[in-house]
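This report describes a structure for a reader who has not met it before. The sequence and the model come first, and the description follows.

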Amino acid sequence: MARQHPITTEASSGAGALEITGLSVEYVTKRSRTRVIDNLTLTLQPDEMLGVVGESGCGKSTLAYSIMRMIPPPGRPVAGAIRFGRHGDLLSVPELYMNRLRGDRIAMIFQGAQSVFNPVRRIGRQVEDVFQAHGKDRRKGLERARELLKATQLDPGRVLKSYPHEMSGGMRQRVAIAMALLLDPEILILDEPTSALDVVSQAAILELLVEIRQRFHVSLIFITHDFAVVSSHADRIAVMYAGHIVEIGRADEIFRVPRHPYTKGLIQAIPNIRGPLRDIRAMDGEPPDLSKEIVGCPFAPRCPEVMDACRSYKPELLTIAPGHEAACIRAAMAEAQ
Amino acid sequence: MVRRLGTAVLMIFLVVTFTFFLLRLMPGNPTLIEYHLLLKQGDSPQAALQYVNALYGVNIHSPLFLQYLSYLGDLAHGNLGTSVLYPNTTVLSLVAAALPWTVFSVGLALTVSAIFGILMGTVAGFKRNGLVDTLLTPVATVLSGIPNYLTGTVFLFVFAVVLAWLPQSGAYGVGVRPGFNVPFLGSVFVHAALPVVSYAVTQFGGWYLLMKSSTASTLGQEFIVGARSRGLTSSQVIYRYVMPNSLLPLFTNFVLAIGFMFGGSVFVESIFSYPGLGYLLNQAVSNRDYSTMEGLFLIITVAVIVSNLAADLAYIKLDPRISGEDVL
Ligand SMILES: Nc1ncnc2c1ncn2[C@@H]1O[C@H](COP(=O)(O)OP(=O)(O)O)[C@@H](O)[C@H]1O
Ligand SMILES: [Mg+2]
């Protein structure tokens with residue numbers, strides 16, 4: 001895969017495109033208080049593609065919604081900051097300012113997004129709406145849309161005249177991606193962009209992403225529960241479990257030498273169609289109930305390598321190799337030796 | 001479409017036939033009563049028969065089926081027959097005199113209640129548990145459950161009898177000269193006020209609740225989240241994304257309501273002696289004026305069927321997801 005942009009893997013070097021620090025998000029109802037994201041820190045580098053992987057329910061979508069500041073109620077951020085360059089902390093800018101950033105500087109493709117378009121409005125009009133909202137020339141907008149649609153292998157004339165229901169799921173997803181790129185965003189978040197699609201459309205979308213990365217300067221956050229999808233495309237991978245990042249590092253490194261038992265489990269769960277039938281096993285158990293307080297490592301109850309300390313001590317992310325961090329006592333001990 | 005039209009015509013035909021025979025087979029045929037009355041008064045059977053036949057434009061001793069055929073023949077020529085109650089008046093002219101009052105009063109009520117209901121319902125749908133929602137939702141729920149003869153009776157009692165602010169009956173004052181002049185128009189509105197409000201108040205609840213739930217369910221859809229993620233302004237989201245979708249189901253209801261409007265309201269128009277189609281129907285029923293009843297049922301049937309067709313056609317036009325084949 002051709003990569004045109006220099007990639008920095010050290011989370012600490014230079015200013016990131018997006019710096020999330022100590023983010024906690026809770027869904028608060030009268031009866032329960034669910035901490036879906038807990039004290040999460042993450043830096044997105046300019047022009048990198050960061051894969052975010054984890055089983056469903058780990059808080060991946062909530063992380064994406066937090067960056068858009070569109071967490072569905074009753075969820076809300078309770079701590080932390082999301083710094084976005086000169087724009088400051090996205091969690092504290094005025095709503096009108098945030099709304100101007102949406103679709104302009106930060107764009108998002110939603111999970112299973114089969115109906116992100118107004119069903120009774122032609123795509124062309126919906127493209128114009130975006131330009132109008134951001135105070136840009138609508139005519140030029142349509143030109144730009146044509147270019148992008150062509151880049152996504154679609155017939156621009158037809159698409160712009162279509163209603164959403166006149167297109168297939170795969171087409172709609174490509175249109176959604178083209179729409180997200182209309183205003184040249186600095187960050188594009190893709191929340192399981194392929195999970196609602198058939199295999200052929202999935203491959204087409206992934207190919208499209210490769211091309212987008214070659215043509216546009218954009219940082220991508222690619223969320224998926226499927227390790228196989230990101231391992232070959234992302235620069236870095238962040239593995240999420242129970243609202244935490246439990247391991248983060250360069251994609252190839254994480255794939256080759258995973259340090260967190262959860263990451264190992266995810267990788268082992270990848271069905272390997274070609275090579276010899278390895279030990280394919282889905283992990284036993286389920287992610288913990290986040291509405292209850294978790295003592296110790298949240299993965300401990302499912303961990304094949306669990307130790308006594310894991311049940312009482314909550315591991316923090318620790319650097320175990322340059323640009324490679326894991327939140328696991330065993331990994332930390334192995335490093336210390 | 002052709003099939004749909006065929007079905008509509010067949011329906012109208014069935015209703016016409018059914019009403020015709022139902023009314024004839026009911027006891028107490030007024031032409032026969034008149035006939036027997038004349039006999040008692042000493043007229044010869046021939047003279048009585050001739051008189052009655054001429055008066056009502058019927059032939060009371062011919063077989064029912066022949067009467068039916070001649071009725072259909074008349075209908076085909078646009079002739080609804082002669083009123084039994086007002087023997088020298090055609091049903092058509094009675095209907096023509098009553099129709100404008102019903103269209104005016106019910107149409108006004110429908111428009112006003114739909115506009116207010118939709119506006120308030122939209123606000124309540126957007127701001128759940130907001131001021132409008134908290135205040136109006138219980139009110140609207142109660143209102144939508146009240147029949148309009150109840151509001152009519154209460155309004156009549158309070159505003160026309162006790163307070164005597166508004167007239168109790170009629171469509172305009174006795175002194176005014178009908179025409180396009182201020183006193184007449186003023187009188188028309190003053191007389192229509194109570195009937196219109198009686199309808200509007202009860203209908204408002206329905207429109208409000210419908211619009212509120214439609215708005216809320218539209219807001220919950222993915223494409224609204226999508227629109228917001230593209231940074232659309234809130235006025236764009238409201239007017240171009242939410243409302244075109246939330247109004248769709250109400251539009252059908254509105255077109256259907258126009259159809260049902262032609263029945264007027266028998267209760268409200270009777271309570272206020274408002275000379276519309278509903279009042280006419282009430283009079284026709286209580287006097288067994290079956291030619292007028294037939295005429296009115298025909299008009300109501302046609303209006304309902306036509307509005308159904310219109311609603312479907314409008315839906316095809318308005319909702320790009322529905323194609324002609326789906327509906328017709
Ligand atoms: N409205 C809500 N109220 C309470 N909990 C919620 C709500 N929405 C999501 N959650 C919880 O948040 C957690 C993370 O959800 P999500 O971010 O969608 O995870 P993912 O995208 O990784 O599948 C889940 O455990 C889910 O149960
Ligand atoms: Mg998700």
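Two residues are in contact when they have heavy atoms within 4.5 Å of each other. The model is predicted. In chain B, residues 24 or more positions apart account for 72% of the contacts with a separation of 6 or more.

**Chain B as a whole**

Chain B has 14 helices and zero strands. Read along the sequence, its pattern is therefore α-α-α-α-α-α-α-α-α-α-α-α-α-α, since helices and strands are taken as DSSP runs numbered from the N terminus. Taken along the principal axes, the C-alpha atoms of chain B fill a box of roughly 90 × 55 × 35 Å.

The table gathers further values for chain B.

| Property of chain B | Value |
|---|---|
| Buried share of the 328 residues | 41% |
| Exposed area | about 16,400 Å² |
| Part of the exposed area supplied by carbon and sulfur atoms | 71% |
| Positive side chains | 14 |
| Negative side chains | 12 |
| Distance between the centres of the two charge sets | 13 Å |

**One residue of chain A**

In chain A, His87(A) lies in the loop between strand E4 (75-83) and helix H2 (95-101). Is His87(A) buried or exposed? Its relative accessibility is 10%. Buried means under 20%, so His87(A) counts as buried. Leaving aside neighbours within four places in sequence, His87(A) is in contact with Val93(A), Tyr97(A), Leu101(A) and Arg105(A).

Technical notes
Residues numbered from 1 in each chain as written. Chains lettered and ligands numbered in written order. Predicted model: local features only at pLDDT ≥ 70, side-chain atom pairs only at ≥ 80, totals over all residues. Heavy atoms only, no water. Helix = DSSP H or I, 4+ residues; strand = E, 2+ residues; numbered from the N terminus. Buried < 20%, exposed > 50% of the residue type's maximum accessible area, 1.4 Å probe, protein only. Areas by Shrake-Rupley, 256 points an atom, 1.4 Å probe, with all protein chains shown as cover. Lys, Arg positive; Asp, Glu negative; His and termini not counted. Charge placed at Lys NZ, Arg CZ, Asp CG, Glu CD.
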